[in-house]
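Reader: Could you walk me through how some of the labels for this structure were reached? I would like to see the values set against the cut-offs.

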Amino acid sequence: MKRLLLFLGNSHEIILKYLMVLATIALVMTMLPKEARYKYDFQKGKPWMHETLIAPFDFAIQKSKEEIEEEKGFILRNSPPYFKLDTIISQSRLNSFTESFRLNAGMMEDSARRSNDPALKRLLKNRQEQYQFGFTLLENIYSKGVILLNDEFESKPADFEIMLVVNNVAEEKKLGDFFTIQVAYAFIERSLKANGDEAYGLLMPLMEPLLNHNVIYERQMTNDVNKIQLDRISLVRGKVQEGERIISKGDLIDGDKFQILQSLKNETESRISFSGGAFYIMAGYTLHITIAMAMLLVFLALFRKDIYDDNQKVLLIFLQVILITALYTWSLKVKLFDLNLVPFCIVPIIMRIFFDTRLSLFIHIIIILLLGIIAPNPFEFVFYQMVAGMMAIYSIISLRKRGQLFVSVGFILLSYSVCFIAFSLIQEADFRSIEWINLGWFAGNAFLTLFAFPLIYVYEKMFGFISEVSLMEISDLNSPLLRDMSIKAPGTFQHSLQVANLAEAAVYTIGGNSLLVRAGALYHDVGKMNMPHYFIENQSGQVNPHDELSYDESARIIISHVIKGIELARKHKLPEEVIDFIRTHHGTTRVQYFYQSFLKNYPDKIVDDNDFSYPGPLPFSKETAVLMMADSVEASSRSLKNVDAEAIEKLVEQIIENQVNQQQFTNCDITYRDISRIKKIFKKMLMSIYHVRVQYPE
């Protein structure tokens with residue numbers, strides 16, 4: 001039991017790592033669809049590369065999406081709109097006419113008695129005939145119908161067919177069969193004038209206000225009828241009999257063949273899923289996902305051991321796999337938008353910003369291969385995403401400005417667009433048949449890639465990582481801490497700038513994170529701000545405060561700038577990756593000046609090396625090693641009395657060789673070849689800084 005507990009205690013990191021692997025496999029497996037996948041891969045416009053295919057069973061030929069959309073469009077274009085004849089309006093207006101005529105006739109009788117007008121008496125005598133004429137005229141108008149034409153129908157010709165619903169019975173009509181308000185008014189005016197001026201004068205004022213629309217467009221009824229017709233569209237056209245040859249090897253897959261093959265694929269997948277093959281499907285998916293995750297782990301173990309050993313970084317990588325899988329599988333299920341909208345390139349961009357180009361490309365490949373098995377057109381999917389992912393990574397190889405991400409978006413859109421046009425021309429063989437709307441989905445995809453910005457920030461806070469974007473912000477010389485150092489310790493600030501230039505150039509040459517080393521170099525001596533005058537680069541006068549101190553006290557003050565720097569950096573919330581440069585830039589070396597002075601002045605005393613040595617730790621990366629070299633070389637170069645090429649070369653060689661001999665770089669992945677190249681860079685730059693020129697012959 002003790003051995004087991006000891007084993008678990010010593011192996012908890014590796015156990016946690018593989019628990020994360022198992023959890024990732026389980027989560028991805030639950031998200032993938034449970035339907036079977038067809039064993040043949042095919043594309044329109046390409047030859048059939050498999051053996052001759054014979055129909056294994058009877059199946060219906062499904063119509064293509066384009067065919068169904070065309071039929072829907074035909075129905076919607078040719079389906080007549082529905083109007084309803086409102087009989088209530090007709091009866092109401094006729095009743096209003098009767099009432100108005102009765103009131104008007106009563107007033108006319110009173111006027112005739114008072115005025116004794118013979119014309120008025122004659123009109124009253126014929127009032128029943130006038131009433132009947134007007135009533136019949138208005139009744140005929142409403143029986144024929146007064147139609148309300150909205151903007152949708154105003155431009156239609158008179159022979160445009162509609163359906164008129166009267167008492168729930170529909171019959172075909174034409175727009176020309178109805179009155180409009182204007183036409184009805186003109187018809188009444190002509191009819192009354194033809195019946196005499198007396199009839200016109202009596203009836204026109206009564207009938208004109210009673211004109212109203214009684215044939216109204218029923219949009220909901222029209223939509224309901226159209227929906228019924230659309231639902232009745234057959235999704236199949238024809239049938240393939242069992243044993244019938246579908247396609248021979250080498251035959252070109254045209255539109256008809258493609259639809260037959262697609263129908264067979266759908267029917268086969270449906271039958272396999274229905275027949276209870278879910279267990280085997282899940283087993284296959286499990287193997288597929290496990291292989292992908294195993295390849296990713298092997299890559300990390302062989303080529304990026306530093307990431308493999310860091311469970312936080314491994315967790316970040318697995319989290320990207322889970323999130324993009326969840327997004328893609330959700331898009332497959334809901335079908336709210338085109339799958340081309342899913343922003344796969346977010347992953348390689350985030351991985352490139354946190355890690356390196358090779359790892360980000362490999363992770364992108366693993367994800368594409370993982371999800372390619374469920375993509376509708378696997379080859380197209382893999383090709384599109386591979387090209388776009390590569391372009392995204394290439395566009396931010398050296399990220400120095402935020403604007404580069406916008407440039408990356410442009411390259412992603414261009415990649416998708418060119419690939420889509422290429423495949424469309426191969427499959428359709430006609431430039432006019434390209435579905436240009438897909439370019440809109442790709443544009444949305446590229447735009448969504450910009451969400452990498454907030455995700456980078458979130459991951460930095462969640463995992464404590466630092467991105468190149470953050471390093472650029474930290475390296476800004478106007479940041480509060482650097483500006484404060486330039487005022488309180490101007491000599492140290494200038495020294496840090498020179499060290500940053502040296503270290504950045506050297507790391508760029510040997511292949512490292514130049515932005516990280518620059519940020520580390522700018523802050524590596526920030527601890528000197530507490531007591532700047534105890535450091536020679538900030539001493540402007542003849543007074544040296546170390547003259548009043550013992551050698552061991554002076555050494556303690558000099559050494560303390562490392563601890564003070566770490567405290568100050570944490571107070572200003574600098575990332576740990578930058579603080580590592582403060583912690584390691586002296587390694588475990590001695591403060592040689594005060595150490596040698598102590599030995600010289602007190603030869604009989606026993607010296608404790610710890611009093612004159614930095615506590616460490618040793619540099620553990622190329623970047624921290626280069627900073628140690630640059631710091632020592634730059635500081636020592638200021639003490640040269642005669643600055644020439646020979647002196648600089650001797651100084652660089654001596655300092656770096658001493659550090660190597662003191663085994664300051666044993667924890668670094670730095671080679672002798674790297675060190676040789678670093679020396680050359682330092683010599684070249686120092687000679688440029690001190691304006692060293694070759695001597696010309698007299």
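Author: Happy to; what follows takes a few labels in turn, all for a predicted model.

Reader: Why is H572 called partly exposed?

Author: Its relative accessible area is 38%. Buried means under 20% and exposed over 50%, so H572, at 38%, is partly exposed. This residue sits in the loop between α24 (551-571) and α25 (576-584).

Reader: And what makes C345 and C668 count as buried?

Author: The cut-off for buried is under 20%. C345 has 0% relative accessibility, so it counts as buried. C668 has 12%, so it counts as buried too.

Reader: How do you know that C345 is not bonded to C419?

Author: A disulfide needs two cysteine sulfur atoms within 2.5 Å. The closest cysteine sulfur to that of C345 is in C419, at 11 Å, so the pair is too far apart for a bond. A search of the whole structure likewise finds zero disulfides.

Reader: Turning to the sheet, what makes β5 and β6 its edges?

Author: The four strands run in the order β5-β4-β3-β6, in an open sheet with mixed pairing. β5 (169-174) and β6 (215-217) each have a single partner strand, so one side of each is left without a neighbour in the sheet. From one strand to the next, the twist averages 35°.

Reader: How do you know that β4 and β5 pair?

Author: Pairing takes at least two bridges. β4 (residues 161-166) and β5 have six, in the antiparallel sense, so they pair. Within this pairing, V166 stands opposite V169 in β5.

Conventions: Residues are numbered from 1 along each chain as its sequence is written. This is a predicted model: local features need pLDDT of at least 70, side-chain atom pairs count only at pLDDT 80 or more; totals for chains, interfaces and linings use all residues. Side-chain values use heavy atoms; hydrogens and water are left out. Helices (H or I, at least four residues) and strands (E, at least two) are DSSP runs, numbered from the N terminus. Buried means under 20% relative accessible area, exposed over 50%, partly exposed in between (1.4 Å probe, protein chains only). Axes are lines fitted to C-alpha atoms, for helices over the stretch in contact, and angles run from 0 to 180 degrees between N-to-C directions.
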